[in-house]
Amino acid sequence: MKALLYAMSIIMVQLAVSCGNQMPNAAKQDTTKSLLREQQSESLRGNTEEYAHIEENRFLSVSDQPLSTFSIDVDRAAYSNVRRFIEDGTLPPAGAVRIEEMVNYFDYTYPQPTGNDPFSVNTEVGDCPWNTRHKLIHIGLQGRNIPVGNLPDANLVFLVDVSGSMEAENKLPLVKTSLKLLLKQLRDNDRVAIVTYAGNAGLVLPSTKATEKRKIENAIDNLEAGGSTAGGEGILLAYKVARANFLKNGNNRIILATDGDFNVGVSSESDLVQLVEHERESGVYLTVLGYGMGNYKDNKMQQLADKGNGNHAYIDNESEANKVLVKEFGGSLFTIAKDVKIQVEFNPAIVKSYRLIGYENRLLGNEDFKDDKKDAGELGSGHTVTALYEIIPAGIHDEFDRDTDSLKYQVKHTANNVATATNEIMTVKLRYKQPGGDKSKEIVHIISNDVLDLNKTSENFRFSAAVAEFGFLLVDSRYKKDASYTQLLSLAKDAKGKDENGYRDEFISIVKKASTLSRNKEL
């Protein structure tokens, strides 16, 4: 509908302009602006979608704050949701644009781990595409790709929202299609139960072996939407069913399919988060699949997946369901490392200031890094995780410098002999736990100041930079500097690589549409 409205508005604008020979230029411009504003208002009318506010990470002085600590993020929901907005003819709200999720939507060609650790660590330093005075540091993790036959047996509970808000074609009908795609991937020893919730929760299918596919499919086919949304009650019942069928050393997981519009019983974001935080101690993971538009509650789903030791994906069509639940089956549903944290120490002799791009809702206190009680993100089989730092080299003065007064009682941190005698730009430390473990292991990775010209960097480096630049333009970032659609399109096309699944080619198409929408918005 939004796409149709947008197309109609463009036709009306063109008609107005074609008749403009009889109108002054100012009048033509006013007509164009009025028509576009009318279309945008119509597309937002009745929209109750909710997104958390994102305060962009700023540049931090290495002399004041030499450490940067954050949790990994394997969620990819933001990109498919942003794509949905653009395909419908509107630019996304700023809160929908989580740059780290957009970058991590795409796979990167990092090498498989060779040692005992479940992931490899890969780094690269190069010129920054949108600010030639700055540099960009690329950190990539590659999870071990475990063959499906070697993955642990699964005890899955499909928790399905069947409330009245799920009636639309891109909600419950798409949920059914998604779950059937997933069902085809399950092995003989895997088990599935189905819990639904509307005005109250109910067990539709007790835990059933995946060999009884027809029985499970019939239960899925019989799901119907109607009533209010007692999400909290449904989550409690799902955890109860998962615990009752718990597999020691297995993959015990709830898969929640919803638009997030909980409105009965335990429904506030804080209450739901507390519920999930308590239940995760049972060893049951939570995957959240978001569906629909108009009343989509992205903020709640993010929090549930984060606090439930799980992940969050947004399913806007069958192709996306196939990507998440078939092609990325192992990564989406099988954890190989939990509570994965990253801590970076920058060398003040080489780096003046730094900025972590994205991950605003994944930042940790420096003291949290060694605290094994502090929750962090999970890494799935075969998953890649990418993080980017934009840095201002030592000796460079620019508009993003943030000076502070001299301290009265102590001396600011300064580079010591180790810092000045080495070519190390930073040290990266990572901590993780085994899926069933409670004690973390630490990995240390040192990055040298070997800066590459942009055209000599890897396709991984350039494509991830292009996706980040796209995010800057969508939110009109204060740090976008010389970012432009023309530049990022050139960067993305040059770094497209093999693109076996066509995701990068689709990205280029989405960027072109966003560029057109952006130009129309400026009229």
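**Exercise 1.** Determine which residues of β10 lie on each side of the strand, and whether they are buried or exposed.

*Solution.* Begin with the general rule that in a regular strand the side chains alternate between the two faces of the sheet. In this predicted model, where local features need pLDDT of at least 70, side-chain atom pairs count only at pLDDT 80 or more, and totals for chains, interfaces and linings use all residues, Asn311 and Ala313 lie on one side of β10 and His312 and Tyr314 on the other, and all are buried (under 20% relative accessible area with a 1.4 Å probe, protein chains only; exposed is over 50%, partly exposed in between). Residues are numbered from 1 along each chain as its sequence is written, and side-chain values use heavy atoms, with hydrogens and water left out.

**Exercise 2.** Work out how β10 is joined to β9, and which residue stands opposite His312.

*Solution.* First, take the strands (DSSP runs of E, at least two residues, just as helices are runs of H or I, at least four, both numbered from the N terminus): β9 and β10 pair in the parallel sense over 4 bridges, where pairing requires at least two DSSP bridges. Next, find Val288, which stands opposite His312 in β10. Finally, follow the chain from β9 through α9 to β10, a β-α-β crossover that is right-handed (with the strands pointing away from the viewer, the path from the first strand over the helix to the second runs clockwise).

**Exercise 3.** Establish how many residues of α9 are buried.

*Solution.* Helix α9 spans residues 298-307, and 8 of its 10 residues are buried, including Met301, Leu304 and Ala305. Just after α9, Asn309 takes a positive phi of about 55°.
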